[in-house]
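Colleague: Please take a close look at one part of this model, the place where the two chains meet, and start from a single residue there. A connected account would suit me better than a list.

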Protein chains: 2
Amino acid sequence: MGEAQVSLKHLFRVFTKPEHKDSKLAQIEEHLSDNILDFLSQHVVTKKTSLEEVEQDFADAKMPETPEFVSTHAENLLEKLVAHSVNTYSPTFIGHMTSALPYFHLSLAKLLVGLNQNLVKIETSKAFTPLERQVLGMMHNLIYDQDEDFYGKYLHSARHALGAFCSGGTVANITALWVARNKTLGPQGSFPGVARAGLASAYRHYDINNLGLLCSRRGHYSLSKAVDLLGIGRENLITLPCPNQTLDPALALKQGREYQEQGNKLLALVGIGGTTETGHIDPLDELADVAKELGCWFHVDAAWGGATLFSSDYRGILKGIEKADSVTIDAHKQMYVPMGAGMALFKNPEDANAVRHHAQYILREGSKDLGATTLEGSRNGMAMMVYSSLHILGRKGYELLINQSIDKAKKFAAMIDAHPDFELVTSPTLSILTYRVCPQVIQQQLKSLPAAQSQRLNSKVDRLVVNVQKLQREAGKSFVSRTRLESPIYGPYPITVFRVVLANPMTTKRDLKAILEEQYEIAMRNRVWQELLASVPQETLDQA
Amino acid sequence: MGEAQVSLKHLFRVFTKPEHKDSKLAQIEEHLSDNILDFLSQHVVTKKTSLEEVEQDFADAKMPETPEFVSTHAENLLEKLVAHSVNTYSPTFIGHMTSALPYFHLSLAKLLVGLNQNLVKIETSKAFTPLERQVLGMMHNLIYDQDEDFYGKYLHSARHALGAFCSGGTVANITALWVARNKTLGPQGSFPGVARAGLASAYRHYDINNLGLLCSRRGHYSLSKAVDLLGIGRENLITLPCPNQTLDPALALKQGREYQEQGNKLLALVGIGGTTETGHIDPLDELADVAKELGCWFHVDAAWGGATLFSSDYRGILKGIEKADSVTIDAHKQMYVPMGAGMALFKNPEDANAVRHHAQYILREGSKDLGATTLEGSRNGMAMMVYSSLHILGRKGYELLINQSIDKAKKFAAMIDAHPDFELVTSPTLSILTYRVCPQVIQQQLKSLPAAQSQRLNSKVDRLVVNVQKLQREAGKSFVSRTRLESPIYGPYPITVFRVVLANPMTTKRDLKAILEEQYEIAMRNRVWQELLASVPQETLDQA
């Protein structure tokens, strides 16, 4: 029953004997290479399966005692795992930042495992180390645009780093703020710096109560992880209201000053280059000036929006990013690289030294080992995926992709605007937008109601939106996400909205039209829709 | 010249049009699938190329403006990158923990990218979430061996986590110590805990000077990164001498008490389950008791040695690991999974809640999203690789692999012992051993010299070892690493040694014999060898 023999000889086969060309795994590979959308639509089950049902296939905590044939296992994978995974390639899966990828990544993934380099040190990565440094250099160049001399001097310097490659934006944000913390509370006189002496000693030495971080309420949850991890404390992540989705520089300056006047030190101001929820971009240029005035580090979290720099048409909306001390960009978002490729870039090539670590057997002083200034140790060669994408797509290729995503988002926004029973909540700055379904008559009523009453009515609309989002997901044809946010229309009370990310180049206008229609149909059939209409006085309905 | 057209149509091709079956990338894939060792030996250049030469291929910080044809790019990759990468599959590459992998991982890598799930949340991973939880459960079971009720209750509980999957051992160690810190300095009365209030407030509240970590000098450099990152400070990582490569429990207790008596709080005692440098295992059972007596967290870093638990013959040497509050295991080491699969396991399923984070649009309260208790945010589905390996190899398969690695190491140790001009420095506990080349007559002389003089002579032997290691690596046939450590033979003065990791199942006794012979030949031809012999009085040479 699929049990393989337990002998060294059998085991060595998995290392030495290639999979047969007709094997199940070879078939999977071929199908993926031939037509990935077809593979996914054939194997990913669209009918509703509850998480609890899926869990039953993964319920045993006892590991298998005896080996299983590869082919048997491949069948099991298809049936238990692939069948109940999410079709992120689908053009109608527009709820998150995961999208279809170019075909060449399938082959590169295989090459990556075939090489199985470890980028912590040159001895186990060799050419991958200069490659990763070059990728970081190109991204640095894209942001900071320094001259040839600069990159000639720093790109491959053992004592410098233009950035840190990592598994994702969270680690990138943590790395950037770790550098900021260690630099801000660095060695001074006989004080050896926070890295050596710890945070409590550093506070005593620098005579500060607390260290704080300032950003808008749209700041990514990784900032909260970062201040926890770094010992700063979540209470010192000061998030400012942003009814228009972006941080007001005047408010940032005022709150920053107040915080400082209380005997605290401001570690950093964080500007967002594309919020996760609505895609908005903070006024980076002005925030850079605020940070300067406050005398603190300026970090830009452009995990999502950083790739907009590829577009000559749109890079202007990130103006000021070049003044940032550090920038986060995720290649696995709008650079269409497989999951697991984040980067923190540093304006000043010396800064990463604030977190430099050495060891006897690797990362020796003076070596170019990348692990000396990264949070992670052993790491795979994901940088190759970014390198290849930069070459195969080129700046102009990325530019087209970025432009068409934003254009598509604008068209979808117009579609929503034109529909009487939908309400556009945030217009697309980049390719993200939020909206909700809400009977037109309720929209009109909400406009005339005082705040408290409109809040009550809105919470009913929230329920409708939640229901529609869930039912649409369960129907399996398409996926739109949801979030809660303060809106420019309804003030400080957050409302629940649909959230759409138009990153998949394969998503067509027709797909979008169908998604909207599906939502409308689900909504009208929903109990809450009827309740909403029933709450409206008959005369209003007659007028409508 | 390999420039592709910049048009949306061309760009969409990389997303929609599969690579042709005769394309360069398809050829690379086929070669990898057919015979990976042949692919690598054909494409990885063995002749010496300096890093500086390689860097010239990655010197431009300007990203390409126009797209490149995939086939042109594939040629470039082979020539610039693959040619100068490290052949980690080679049976004679025995210097690091990166080894050959089973063939099925090549296909799985492709499937992983084809699915491109994001494990931060269920909405973008679905079945991968229960799968990852099951993998963590199986590893938890392997260590802690709880009953069915336990796993039935906690494996898929939204409010619990048996561990955290991450990119590698460094992040696993950091995660474990982050949990330890937040639990140790948790909420108390009106104090909201270190996660919220920060480290300085926590020190004030708990009235402590410093928080410290205790481990042996063989502790991995990630511990130093961890105490820096967590705000504890590197000075509070107390590393104890271990001339016999393992931590003496009596010494740990004594030093721990002293540290506490100075008004400090001991956060954790770290035991090592397989040191990176020599593979030694601390006396975990006794250290667990020491930690209990000191009233601190007990963490075991078994990134390397954890897989020994698969072997009934050898799991006994990890006795006491089941008393650890947290354990780190890397699947990309002795579990033969591609780079990028680390795990932190927690004895108590409640503990991970000490680092729980929520956000509005994902990781909602009560959800089973894995991102709520992991350091990383967006993550790929590497857990599938571990899952498949556990099934295809089974416990018994892993057992055989572990046993034969250790047996091989013992045989190699005997080979070294039998050679008059080699000196075994540390015997293998697991499959790692260290040794050095040193003319027999010098070995004899060292035995009779007082410490200061022997140190001078040893530093000359060190130079010989460094030269041999470098020249052997440059010759390209084989790779052995080197490190510096205190040895049982020469006391507290560290010496430079060769370090060998026998993880690759394909490495034969004949390979090992050839490596030793090559080292011997390189050594005898080396200038330092002559210098060493010249320093010996003629009469001693005559007697030898």
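**From one histidine to the interface**

Modeller: Apart from neighbours within four places in sequence, His105(B) is in contact with Val113(A), Tyr336(B), Val337(B), Pro338(B), Met385(B) and Ser389(B), contact meaning heavy atoms within 4.5 Å. This is a predicted model, in which local features need pLDDT of at least 70, side-chain atom pairs count only at pLDDT 80 or more, and totals for chains, interfaces and linings use all residues. Residues are numbered from 1 along each chain as its sequence is written, chains are lettered from A and ligands numbered from 1 in the order in which they are written, and side-chain values use heavy atoms, with hydrogens and water left out.

His105(B) belongs to helix H6 (residues 104-115) of chain B; helices (H or I, at least four residues) and strands (E, at least two) are DSSP runs numbered from the N terminus. With 0% relative accessibility, His105(B) counts as buried, a term for under 20% relative accessible area, where exposed means over 50% and partly exposed lies in between (1.4 Å probe, protein chains only).

In chain A, Tyr336(A) is placed in the loop between strand E6 (326-330) and strand E7 (342-346), and its relative accessible area of 2% makes Tyr336(A) buried. Its phi is near 55°, a positive value in a residue other than glycine. Most residues other than glycine have a negative phi.

Seen as a whole, the interface brings 173 residues of chain B into contact with 173 residues of chain A. About 15300 Å² is buried between chain B and chain A, with carbon and sulfur atoms giving 64% of it; this is the accessible area (1.4 Å probe) that the two parts lose on being put together, summed over both. The rule finds 80 residue pairs in polar contact across this interface, both at pLDDT 80 or more, a polar contact being a pair of N or O atoms within 3.5 Å, of which, within protein, one must be able to donate a hydrogen and the other to accept it, while residues adjacent in sequence count only if both atoms are side-chain atoms. Helix H15 (residues 383-418) gives the most to the side of chain B that touches chain A, contributing 15 residues.

There are also 16 salt bridges across the interface, each a side-chain nitrogen of Lys or Arg within 4 Å of a carboxyl oxygen of Asp or Glu. One of them joins Glu55(A) and Lys368(B), at 2.8 Å from N to O; this pair runs from helix H4 (residues 51-56) of chain A to the loop between strand E7 (342-346) and H15 of chain B. Glu55(A), at 9% relative accessible area, is buried, and so is Lys368(B), at 15%. Another links Glu123(A) with Arg473(B), their closest N and O atoms being 3.5 Å apart, and it reaches from the loop between helix H6 (104-115) and H7 of chain A to helix H17 (residues 451-475) of chain B. Here Glu123(A) counts as buried at 12% relative accessibility, whereas Arg473(B), at 35%, counts as partly exposed. With the chains exchanged, Glu123(B) and Arg473(A) also meet in a salt bridge of 3.5 Å, N to O.

As for symmetry, chain B is superposed on chain A by a rotation of 180° with 0.0 Å of shift along its axis (RMSD 0.0 Å), which is the relation of a two-fold axis; the fit is by least squares on the C-alpha atoms of residues with pLDDT of at least 70 in both copies. The same surface serves both copies, since 100% of the contact residues of chain B recur in chain A.
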